[in-house]
Amino acid sequence: MGKKLFIETLGCQMNSRDTEHIIAELNTHNNYTTTDILEEADLIIINTCSVRERPVAKLFSELGQFKKLRKAGAKIGVCGCTASHLGRDIIKRAPYVDFVVGARNVSKISKAIETKGTVEIDINHDETTYEFSDYRNSLYRASVNISLGCDKSCTYCIVPATRGEEISIPPQIILGEIKKAVDKGAKEVFLLGQNVNNYGKYFSDKNIKSNFTKLLQDVSKIDGVERIRFTSPHPLHMDDEFIQEFASNPKICKSIHIPLQSGNTKVLKEMKRGYTKEWFLKICDRIKAMVPDVRITTDIIVGFPGESDKEFEDTIDVINKVKFDQIFNFKYSARPNTQAETMTNTIDDETATKRLTQVIELHKLHQSELMASNVGKTMKVFFEDLKPNGEIMGFSDNYIQVFIKGSEELLGQIVDVKIVSNSRTSLKGEII
Ligand code: 5AD
Ligand code: SF4
């Protein structure tokens with residue numbers, strides 16, 4: 001009989017995709033199937049995130065729970081970014097952990113589970129990390145890595161240390177993966193990387209030539225691909241060619257994540273983001289002018305070391321000018337092995353909390369206005385989930401969550417929907 005795997009995923013979309021890779025590997029080579037019931041699992045894995053301190057603390061509390069609830073003989077493993085950055089220290093602190101496999105070493109998972117005490121956390125280039133069998137969580141959406149690692153050195157960020165140097169995955173591998181997923185019924189492709197629009201700079205085979213715009217064009221030529229999404233692009237690499245393709249290619253979802261981090265040019269310089277407040281605003285203006293109904297989302301960090309009240313006001317000013325559709329906001333959290341870790345001009349927690357609340361409250365006002373402006377519009381909605389209350393949920397072309405009364409046969413369909421009402425975070429509609 002096959003063995004059972006329980007896997008918990010924290011963090012970003014890259015981690016979710018790594019989880020799919022882990023499941024695929026363990027299924028193909030070790031005969032594991034997944035379970036949602038921790039107590040019946042033969043193998044328990046937590047795929048972690050290190051970007052802020054809180055998920056790291058969560059790791060150890062989760063591990064304690066796993067130890068308590070696991071059935072006799074079940075193994076416990078730690079994967080992902082925290083595995084990369086803490087390595088063997090995880091086993092020192094929690095000796096019942098059987099193995100540790102870093103974010104760049106997922107291809108080693110099959111072997112790692114066999115030997116107690118295995119620690120695989122090398123962040124050097126590993127070509128094998130992106131050729132896997134094709135397990136996917138969603139029937140309709142295929143997440144595909146297009147690059148691994150990050151070539152930036154934002155001073156607050158631990159990712160370059162956990163996911164390693166940036167490499168671009170050859171287009172033929174990406175396109176092959178997408179074709180396979182489409183043959184199995186996927187209609188939406190989600191291209192993933194730390195800096196997707198830097199794609200093409202780091203092929204290990206120097207004869208390969210491509211860039212992000214070219215990749216988008218190639219993906220959209222695949223029959224059966226109906227929607228293309230991507231995350232995260234970096235504001236620095238939004239050249240005219242890319243914006244033009246984003247605006248004009250009907251298969252590309254009109255939703256874009258443009259991580260601001262701070263609205264103040266001096267803070268941005270200290271973060272080593274490479275752009276100014278004005279430059280960021282210009283990019284957003286250009287995209288809004290070229291793409292009607294575009295949805296712009298962002299990431300903001302408040303309380304970066306040295307951020308004065310006046311400098312923080314620039315972040316508020318950018319939020320007021322752009323009116324983001326969604327903001328992922330964070331209090332700065334000092335991370336090990338980052339340049340900002342040693343900065344001494346830290347901001348007290350009370351001030352950071354006050355700033356965070358200000359961002360959240362302002363954003364809520366914008367969100368209410370923006371969502372209300374959708375009522376009366378007709379949107380193409382891709383339905384993917386049936387809710388227990390008889391509603392069916394999907395996403396519009398600019399990636400807003402839409403609910404309608406409907407039944408199973410709408411799953412996997414893209415349908416015209418008239419929007420009749422809204423909440424702050426979702427829309428309700430009727431089929432036309
Ligand atoms: N503190 C707070 N937020 C951070 N992020 C990355 N590193 C930190 C940190 N040290 C946020 C950034 C990034 C998002 C994924 O997480 O906003 O875009
Ligand atoms: Fe971190 Fe900056 Fe790279 Fe994003 S671009 S992963 S914030 S170093």
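## Exercises on a predicted model

Ser232 sits in the loop that links strand 11 (227-231) and helix 9 (240-248). Keep in mind as you work that this model is predicted.

**Exercise 1. Find the peptide bond that joins Thr231 and Ser232, and decide: is it cis or trans?**

*Solution.*
- Start with the place: Ser232 belongs to the loop between strand 11 and helix 9.
- Next, read omega for the bond from Thr231 to Ser232, which is about -10 degrees.
- This peptide bond is cis.
- For background, most peptide bonds are trans.

**Exercise 2. Look at Gln261: is its phi positive or negative, and where does the residue lie?**

*Solution.*
- Gln261 is found in the loop between strand 12 and helix 10 (265-271).
- Its phi is near 70 degrees, so to speak on the positive side, in a residue other than glycine.
- As a general rule, most residues other than glycine have a negative phi.
- Gln261 also appears among the residues around ligand 1, and that leads to the next task.

**Exercise 3. Describe the surroundings of ligand 1: which residues are there, and how do they divide by class?**

*Solution.*
- List the shell: Val51, Arg52, Tyr156, Gln261, Asp299, Ile301, Phe330, Lys331, Tyr332, Ser333 and Arg335.
- Sort these residues by class, and you get five nonpolar, two polar and four charged.
- Then ask which strands contribute: strand 13 (295-302) and strand 14 (326-331) each supply at least two residues of the shell.
- Now look for polar partners. A polar side-chain atom of Arg52 is 2.9 Å from an oxygen atom of the ligand.
- The backbone takes part as well: an N or O backbone atom of Tyr156 lies 3.0 Å from a nitrogen atom of ligand 1, and a polar backbone atom of Ser333 is 2.7 Å from a nitrogen atom of the ligand.
- Finally, consider cover: ligand 1 has 410 Å² of accessible area on its own, and the protein covers 86% of it.

**Exercise 4. What surrounds ligand 2, and which classes does its shell contain?**

*Solution.*
- Go round the ligand and note Cys150, Lys152, Cys154, Tyr156, Cys157, Val159, Pro160, Gln194, Asn195, His234 and Arg273.
- Sorting this shell gives six nonpolar, three polar and two charged residues.
- Compare the two lists: Tyr156 is in the shell of ligand 1 and also in that of ligand 2.

**Exercise 5. Trace the open sheet of six strands: what is the strand order, and which strands form the edges?**

*Solution.*
- The order is 2-1-3-4-5-6, with parallel pairing.
- The edges are strand 2 (32-34) and strand 6 (118-120), each of which pairs on one side only.
- On average, neighbouring strands here are turned by 25 degrees against each other, direction ignored.
- Zoom in on one pair: strand 3 (43-48) and strand 4 (75-80) run parallel and are joined by six bridges. One example is Asn47, whose bridge partner in strand 4 is Cys79.
- Add the helices. Helix 1 (13-30) packs on the sheet and touches strand 1 (3-9), strand 2, strand 3 and strand 4, its direction making about 170 degrees with that of strand 1.
- Helix 2 (53-69) also packs on the sheet, touching strand 1, strand 3 and strand 4, at about 175 degrees to strand 3.

**Exercise 6. How is the open sheet of three strands arranged?**

*Solution.*
- Its order is 12-13-14, with parallel pairing, and strand 12 (255-257) and strand 14 are the edges.
- Strand 12 and strand 13 pair over three bridges; Ser255 has Arg295 as its bridge partner in strand 13.
- Helix 13 (349-372) lies across strand 13 and strand 14, running at about 175 degrees to strand 14.

Terms used
Residues are numbered from 1 along each chain as its sequence is written. Chains are lettered from A and ligands numbered from 1 in the order in which they are written. This is a predicted model: local features need pLDDT of at least 70, side-chain atom pairs count only at pLDDT 80 or more; totals for chains, interfaces and linings use all residues. Side-chain values use heavy atoms; hydrogens and water are left out. A residue is near a molecule or strand if one of its heavy atoms lies within 4 Å of it. A polar contact is a pair of N or O atoms within 3.5 Å; within protein, one must be able to donate a hydrogen and the other to accept it, and residues adjacent in sequence count only if both atoms are side-chain atoms. Accessible areas come from the Shrake-Rupley method with a 1.4 Å probe; for residues, only the protein chains shown count as cover. Helices (H or I, at least four residues) and strands (E, at least two) are DSSP runs, numbered from the N terminus. Ala, Val, Leu, Ile, Met, Phe, Trp, Tyr, Cys and Pro count as nonpolar, Asp, Glu, Lys and Arg as charged, and the others, Gly among them, as polar. Two strands pair if DSSP finds at least two bridges between them. Axes are lines fitted to C-alpha atoms, for helices over the stretch in contact, and angles run from 0 to 180 degrees between N-to-C directions. Contact means heavy atoms within 4.5 Å.
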